[in-house]
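Please examine the arrangement of strands and helices in the model shown here.

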Amino acid sequence: MNRLEEKEPVQAILIGDGFNDCFIPLTERKPLSLLPLVNVPLLDYSLESLNRSGVEEVVLFCSQHVDQVRAHVKARQASGCSWSIGMSVTIVSSEGCRCMGDALRDLDAKGLMRGNFLLMGVDTVTNANLAAILEEHKRTAKADKGVAMTVVFKEGVPQQRTGNEVMIAMDKNSRRLLFHQRLKPMHKERNFVIPLEILTQNKDVTLQHGLIDPQIAVCSNTALPLFSDNFDFLTRDDFVRGLLINEEILASTIYVSMLPSEEYGVKVNNWQSYQIVSKDVANRYVYPLVPDMGVCGNVLRYSFCRNNIYRHRDIRLARGSVLKADVVIGERSEVAENTVVENSVLGSGCKIGKNCRISNCYLMDGVEIGDGCILEHCILGDRVNVGSNCDLKNGCVLGEEVQLPTGTKIFKVTLQSSNPEDDWTEGSKKLGDRAYTVPDENDENQEMPDSDDEDDENAFNHAMRLSRLERKQAPSVYSSSSEEGESRAMSPVQEDANIFLSEVLESLKRGYSEKSNPDYLILEINSSRYAYNMSLSEVNFYVVKAILQLLVMQENAAKNVVATMNQLLAYFGTVFKNYIRGRDAMMDCMKALEETSEQEELIGTKIAQLVHYLYEKDYITEEVILEWYEELDDESGATAKKSLAKLVEWLMQSSEEEDDDDDDE
């Protein structure tokens with residue numbers, strides 16, 4: 001028996017649908033699993049979490065837009081992303097499935113699960129050690145043969161409702177679940193009704209209120225048959241409630257596992273929880289699932305800057321544009337003059353006009369916003385176009401390809417590009433040729449069902465809009481453990497890129513002082529590169545930055561920066577040329593020079609001399625210098641552009657003279 005247990009594969013069921021309309025209209029044309037959160041699909045977060053927990057086999061169940069999910073998984077596997085190594089993903093689909101219960105009954109009929117398994121949805125974002133919870137469940141199963149499930153909870157934030165909170169009663173010693181009630185998303189309960197027998201029949205009962213339910217569970221091999229035998233089990237809550245009420249009849253028990261304070265887990269099942277988790281990812285509380293680590297990817301897409309600002313290298317920030325804090329900007333995005341962006345995420349290819357204010361907004365790919373717009377607490381789908389001088393506030397949601405006319409002012413409205421009356425929906429209003437309101441069946445003003453109603457899941461799936469988070473509340477559901485210092489609150493661990501840079505700098509300093517073979521330095525740098533999973537572009541960037549920092553440390557640098565640089569490259573030339581070769585690498589070199597000029601006054605004042613020196617020594621080409629110069633658009637680049645103006649003018653004149661000579665010949 002022990003041998004069989006040792007060979008039992010670590011399996012997980014991942015439910016790919018939310019079975020609700022909370023993210024309409026963004027999930028009309030794409031599945032919930034591909035809804036981007038901080039520019040990464042939800043599916044990638046969940047698969048990465050399972051992979052990091054040692055899961056070997058994942059069964060991904062989908063009922064909508066299955067072709068898109070298959071294509072995404074296939075593309076990720078072909079690219080060799082981190083979760084595809086050592087973990088298989090099997091996609092199971094069923095178009096007639098309308099709830100989680102149907103999905104689990106379908107999987108039970110297929111007989112894919114061979115023992116204990118993890119159960120969660122693609123909309124759960126967690127960095128928890130799920131392997132430890134699985135082992136805890138196995139130990140419980142040895143003591144209680146009737147255990148069907150271990151459910152996972154986490155301490156919540158007081159007075160903050162995400163739609164995922166529960167109140168439970170459990171045996172304090174065994175942690176067996178005795179009572180379970182989901183809290184209403186929009187209300188504050190003053191009274192709870194707990195069956196008296198729970199208190200009289202159990203010696204040591206503990207009550208816990210306001211726990212967050214990330215919808216993570218470990219199931220025994222009896223769980224799926226229990227769903228198959230009870231067709232009224234539509235959700236996991238139905239399963240829990242049914243087993244607690246009929247424990248003697250079904251002969252099954254449920255236990256509780258609490259996530260430690262340093263581990264994160266939240267289910268993204270409405271726009272308010274979407275906002276909270278997005279902020280937590282930007283604040284690095286879900287580390288290592290953070291933007292600059294390249295979730296499930298092999299390439300680091302963002303540079304991590306102060307105040308939790310993540311900038312893709314290929315963006316354009318105009319003079320006077322301001323990024324305040326907690327901002328993520330995807331590739332090829334542009335922010336025009338005098339525009340302020342804070343607490344927001346911009347996808348790839350977004351264009352923001354002049355004199356705009358973007359606050360607590362989430363823009364998908366290809367969004368365009370005209371001049372003079374104010375957006376607060378909004379969601380904008382792919383390729384949305386907002387005309388100039390528009391005002392969008394209080395949880396507006398714009399589906400993909402919506403086009404909003406100039407001067408539009410809307411609050412607490414959902415829009416889609418086509419007339420929803422075609423889908424037998426009444427009450428829609430036309431705001432533009434491609435802007436129609438979607439009647440909100442889950443309006444917050446509607447009376448919510450009582451928590452003891454049969455249809456308790458309606459409260460759980462309430463479509464909460466984006467709204468202001470109370471300032472008195474903690475900025476995240478994550479809290480540092482008591483053993484950790486206060487510095488942990490800003491960033492759980494030091495950024496790998498900074499560690500890599502410091503190691504490269506130390507290697508260069510040691511090599512320069514000892515005059516060791518430069519080839520050995522290349523080996524050391526490559527070793528550090530693989531240790532921190534750095535891309536080649538990142539290595540190019542940080543090697544040049546380390547050389548420039550070493551230049552500033554030299555005694556004679558201030559007197560003659562070019563001579564000092566020449567002295568350094570007489571030794572480091574082999575290292576420099578090993579990495580800076582080709583147009584892309586040269587552009588990495590120029591960007592490193594640009595960033596260092598902003599941080600070091602000496603480099604900033606002598607940047608023209610350094611660029612000219614690198615050009616004369618054939619380290620960089622004229623074409624790269626001119627291309628990089630044209631991209632210096634932000635405020636910090638204005639000083640550098642002024643310093644480089646004469647050099648660029650000379651390069652362009654030299655180029656024209658050469659062209660004239662070629663024409664004469």
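The following paragraphs describe two sheets and the helices packed on one of them. The model is a predicted one.

Consider the sheet of mixed pairing to begin with. Seven strands make up this open sheet, and their order is 5-4-1-6-12-8-13. Its edges are formed by strand 5 (88-93) and strand 13 (253-258); each has a single partner strand, so one side of each lacks a neighbour in the sheet. From one strand to the next, the twist averages 25 degrees.

Within this order, strand 1 (residues 11-15) pairs with strand 6 (residues 117-121) in the parallel sense, through five bridges. In this pairing, A12 is placed opposite L118 of strand 6.

Two helices can be located against the sheet. Helix 3 (residues 66-78) packs on it with contacts to strand 4 (57-62) and strand 5, and the direction of helix 3 makes about 170 degrees with that of strand 5. Helix 8 (residues 236-245) also packs on the sheet, where it touches strand 8 (147-153), strand 12 (217-219) and strand 13. The direction of helix 8 makes about 125 degrees with that of strand 8.

A further open sheet contains six strands in the order 17-20-23-25-27-30, and its pairing is parallel. Strand 17 (316-317) and strand 30 (403-404) occupy the edges; because each has a single partner strand, one side of each is left without a neighbour in the sheet. For strand 30, the connection to strand 27 (residues 385-386) consists of two bridges, and the two strands run parallel. In this pairing, N385 has Q403 of strand 30 as its bridge partner.

Conventions
Residues numbered from 1 in each chain as written. Predicted model: local features only at pLDDT ≥ 70, side-chain atom pairs only at ≥ 80, totals over all residues. Heavy atoms only, no water. Pairing = 2+ DSSP bridges. Helix = DSSP H or I, 4+ residues; strand = E, 2+ residues; numbered from the N terminus. Axes fitted to C-alpha atoms, helices over the stretch in contact; angles between N-to-C directions. Contact = heavy atoms within 4.5 Å.
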